[in-house]
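Please open the structure in a viewer and keep the selection panel at hand. The tour proceeds from one selection to the next.

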Amino acid sequence: MSAVPAEPVESPEPAWRQRAVERSTRAAKQRAEQRVQRFLDAAQELIADKGTTDFTVQEVVERSRQSLRSFYQHFDGKHELLLALFEDALSKAATETREKISAVTDPLERLRVAVDHLYESSTPREGQQSPLFTDFAIQLLVGHPDQVASAHLPLLGLFTELVEDAVTAGRAVAPRPRRTASLIMQTAMFTAQAPAAPVGAQPSRIGAEDVWEFCLGGITGTGGGTAPGTAGTAAPRKTTTARKTASKKTAARKSAAPGTAGRGTA
């Protein structure tokens, strides 16, 4: 005589049902991604045609050949659409930078190549406008700084990794690698977009090499211009007391040296 279970036993869901649901979900996700990409492509085309981010949601809908209802299923409005474009551009920049440094092994050289590439990609092109960065990014920075920070996370993660690698290899000093990475990124990006700086009688653009020398000095304590192979051997900075002592010794040597103004009279 068989025992009857005290509680009913639930039978497992058939495998075919799980496969069917997963296939349906995967197909729906793919269709949604395609619709989103069409909206993004349409907005990008409008920006390129107009040279500005001053367009309407209706224009995007018409250009994408989709419905207004579909647009609002994926975006809250124009701001979120532009934010998506901004995030996408920065994500692609991080991917491109990783590709640029993939064949480089030296930690400082990898960081230098990344800085150069970020500088070059941030430099305005003659005859080409980038209103997504010159207009929208500025508005975003003022009104939604948290969204700007979030959009830069892929790049910040990459540069933090590069700074940490240089520190681990003993080639750089950065007590707070993430903050150092952020400073390096901002220096490269904002300097690339800045107009030429007045140097002497003629305006002179601050180039990628200038930016790298400045950043190199900051992470090695050498004041810039040090070859990557010797950055790890930089002498430690003197303390205030040591500098004062050195100054006193120098003054004493000068006063005792023949032919100086400090020499005693006969």
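Two residues are in contact when heavy atoms of theirs lie within 4.5 Å. The model on display is predicted.

**First stop: the nonpolar core**

Select Phe-159 and display its surroundings. Leaving aside neighbours within four places in sequence, Phe-159 is in contact with Leu-111, Ala-114, Val-115, Leu-118, Ala-181, Ile-184 and Met-185. Next, add Val-60 and Leu-111 to the selection. Together with Phe-159, these two residues touch the most other members of the largest nonpolar core, which has 57 residues. Then colour helix α4, residues 78-101, which supplies the largest share of this core with ten residues.

**Second stop: the largest pocket**

Select Ala-89, Ser-121, Ser-130, Leu-132 and Phe-133. Of the 30 residues that line the largest pocket, these five lie nearest its centre. Which elements give two or more residues to this lining? They are α1 (15-50), α4, α5 (107-122), α6 (131-143) and α9 (177-193). Keep α4 coloured, since the viewer now shows it in a second setting: α4 gives seven residues to the lining of the largest pocket, the largest share. The space in this pocket amounts to about 920 Å³. Colouring the lining by class should give 14 nonpolar, eleven polar and five charged residues.

**Third stop: the second largest pocket**

Now select Leu-141, Val-148, His-152, Gln-186 and Phe-190. They lie nearest the centre of the second largest pocket, which is lined by 16 residues. Elements α6, α7 (145-151) and α9 each give two or more residues to this lining. Among the elements, α9 gives the most, with six residues. The volume of this pocket is about 420 Å³. How many charged residues does the lining of the second largest pocket have? There are no charged residues in it; the lining has twelve nonpolar and four polar residues.

**Fourth stop: a group of aromatic rings**

The whole structure holds six aromatic pairs. Select Phe-39 and Phe-71, which form an edge-to-face pair with 5.3 Å from centre to centre and 90° between the planes. This pair links distant parts of the chain, as Phe-39 is in helix α1 and Phe-71 is in helix α3 (residues 68-74), 32 residues apart. Both Phe-39 and Phe-71 are buried.

Add Phe-75 to the selection. Why is its pair with Phe-39 edge-to-face? The planes of the two rings stand at 85°, and the pair counts as edge-to-face because that angle is over 60 degrees; the ring centres are 6.3 Å apart. Phe-75 is in the loop between α3 and α4, 36 residues from Phe-39 in helix α1. Phe-75 has a relative accessible area of 6% and is therefore buried, as this value is under 20%. For Phe-39 the relative accessible area is 0%. Finally, add Tyr-72: ring pairs link Phe-39, Phe-71, Tyr-72 and Phe-75 into a cluster.

**Last stop: an unusual backbone angle**

Select Arg-65, in the loop between α2 (57-64) and α3. Most residues other than glycine have a negative phi. Arg-65 has a positive phi of about 60° although it is not a glycine. Is Arg-65 buried or exposed? Its relative accessibility is 76%, so Arg-65 counts as exposed, the cut-off being over 50%.

Key. Residues are numbered from 1 along each chain as its sequence is written. This is a predicted model: local features need pLDDT of at least 70, side-chain atom pairs count only at pLDDT 80 or more; totals for chains, interfaces and linings use all residues. Side-chain values use heavy atoms; hydrogens and water are left out. A nonpolar core is a set of buried Ala, Val, Leu, Ile, Met, Phe, Trp, Tyr and Cys residues joined through side-chain atoms within 4.5 Å. Buried means under 20% relative accessible area, exposed over 50%, partly exposed in between (1.4 Å probe, protein chains only). Helices (H or I, at least four residues) and strands (E, at least two) are DSSP runs, numbered from the N terminus. On a 1 Å grid over the protein atoms alone, a cavity is a set of points where a 1.4 Å probe fits but cannot get out, and a pocket is an open set with protein on both sides within 12 Å along at least five of seven lines; lining residues have an atom within 4 Å of a point. Grid points are joined across faces, edges and corners, and a volume is the space filled by probe spheres set on the points. Ala, Val, Leu, Ile, Met, Phe, Trp, Tyr, Cys and Pro count as nonpolar, Asp, Glu, Lys and Arg as charged, and the others, Gly among them, as polar. Rings of Phe, Tyr and Trp (its six-membered ring) pair if their centres lie within 6.5 Å; planes under 30 degrees apart count as stacked, over 60 as edge-to-face and the rest as tilted.
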